[in-house]
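This report describes one protein chain for a reader who is beginning to study structures. Please look at the sequence and the model before reading on.

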Amino acid sequence: YVTVAPHFLLKVLHINMALYGSLYWLNSGAMIVMSVVGVRYLNRFGSVKCLTVSLWLLLSFLGILYLLLARHQINIVSFYVLTMIIFAISWLTYTSASYIATHAIDDVANAAGMMSFINLLTAVVSVIVIGYLPFAQIEAFVVVLIIALLICLFGRYKVLHKVANPVLPN
């Protein structure tokens, strides 16, 4: 988002840099609010359910964003409302996934380190792939996110089954 959104907002929606900087706080605020609210959801519904619901919600809102972009019906209000929702939901996704990852193995430091590595690797690969896709940058960004979410959704069953049903030592 940080690499693609400024280009899209400045070149396509024609907003100035000061407005972009001011509106970026909407997304940051959504993450801050969800960091407080997300803990309550985790405590109430559990990490597996929160992760599953948040992945499906992210997929839905990214689909809406892609349709608006593909039909050239996006404006600054709809873009920021959708990205604010996506940022909020992604924070819940990250919180749930972090909880699952840090509780999957006994060594919490290694789990956290591996999560950071995977996060950075995914970001680097995504930026590289975006450059090669035959779409506008923002559409390519959304396509890459949708593909990543589909991989997470289809790959989660085996991992979550293992975490939810651990083999206990005798």
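The following paragraphs treat confidence, overall build, interior, surface and two loop residues.

**Basis and confidence**

This is a predicted model, in which local features need pLDDT of at least 70, side-chain atom pairs count only at pLDDT 80 or more, and totals for chains, interfaces and linings use all residues. Residues are numbered from 1 along each chain as its sequence is written, and side-chain values use heavy atoms, with hydrogens and water left out.

The term pLDDT denotes the predictor's confidence in each residue, from 0 to 100. For this chain the mean pLDDT is 83, and 91% of the residues reach 70 or more. Among the elements, helix H3 (residues 47-70) has the highest mean value, 90, and helix H6 (residues 137-164) the lowest, 75. Over residues 166-170 pLDDT stays under 50, and the model shows zero contacts beyond four places in sequence for them; a contact means heavy atoms within 4.5 Å.

**Overall build**

The chain has six helices and zero strands, giving the pattern α-α-α-α-α-α along the sequence. Helices (H or I, at least four residues) and strands (E, at least two) are DSSP runs, numbered from the N terminus. Taken along the principal axes, the C-alpha atoms fill a box of roughly 65 × 35 × 25 Å. Among contacts between residues at least 6 apart in sequence, 74% join residues at least 24 apart.

**The interior**

Of the 170 residues, 34% count as buried. Buried means under 20% relative accessible area, exposed over 50%, and partly exposed in between (1.4 Å probe, protein chains only). A nonpolar core is a set of buried Ala, Val, Leu, Ile, Met, Phe, Trp, Tyr and Cys residues joined through side-chain atoms within 4.5 Å.

The largest nonpolar core has 32 residues, and Leu9, Leu65 and Phe79 have the most contacts inside it. Two or more residues each come from helix H1 (5-12), helix H2 (17-45), H3, helix H4 (76-104) and H6. H6 supplies the largest share, eight residues. Apart from this core lies another, of six residues, including Ala30, Met34, Cys50 and Ala88.

Not counting residues up to four places away in sequence, Phe79 touches several partners, among them Tyr1, Phe8, Leu9, Leu65 and Ile138. Is Ser54 of the model buried or exposed? Ser54 counts as buried because its relative accessibility is 0%. This residue belongs to helix H3, and Ser54 touches Ile89, Leu92 and Thr93, with residues up to four places away in sequence not counted.

**The surface**

The accessible surface comes to about 10700 Å², of which 71% belongs to carbon and sulfur atoms. Such areas come from the Shrake-Rupley method with a 1.4 Å probe; for residues, only the protein chains shown count as cover. Met114, Phe117, Ile118, Leu121, Val125 and Val129 form a nonpolar surface patch with about 530 Å² of accessible area together. Patches are made of residues with over 30% relative accessible area and no salt bridge, like charges being joined within 9 Å and nonpolar side chains (Val, Leu, Ile, Met, Phe, Trp, Tyr) within 5 Å. A salt bridge is a side-chain nitrogen of Lys or Arg within 4 Å of a carboxyl oxygen of Asp or Glu. Leu121 is placed in helix H5 (residues 108-132) and counts as partly exposed, at 43% relative accessibility.

**Two loop residues**

The table lists two residues that have a positive phi although they are not glycines.

| Residue | Phi | Loop | Relative accessibility |
|---|---|---|---|
| His14 | about 55° | between H1 and H2 | 64%, exposed |
| His72 | about 55° | between H3 and H4 | 68%, exposed |
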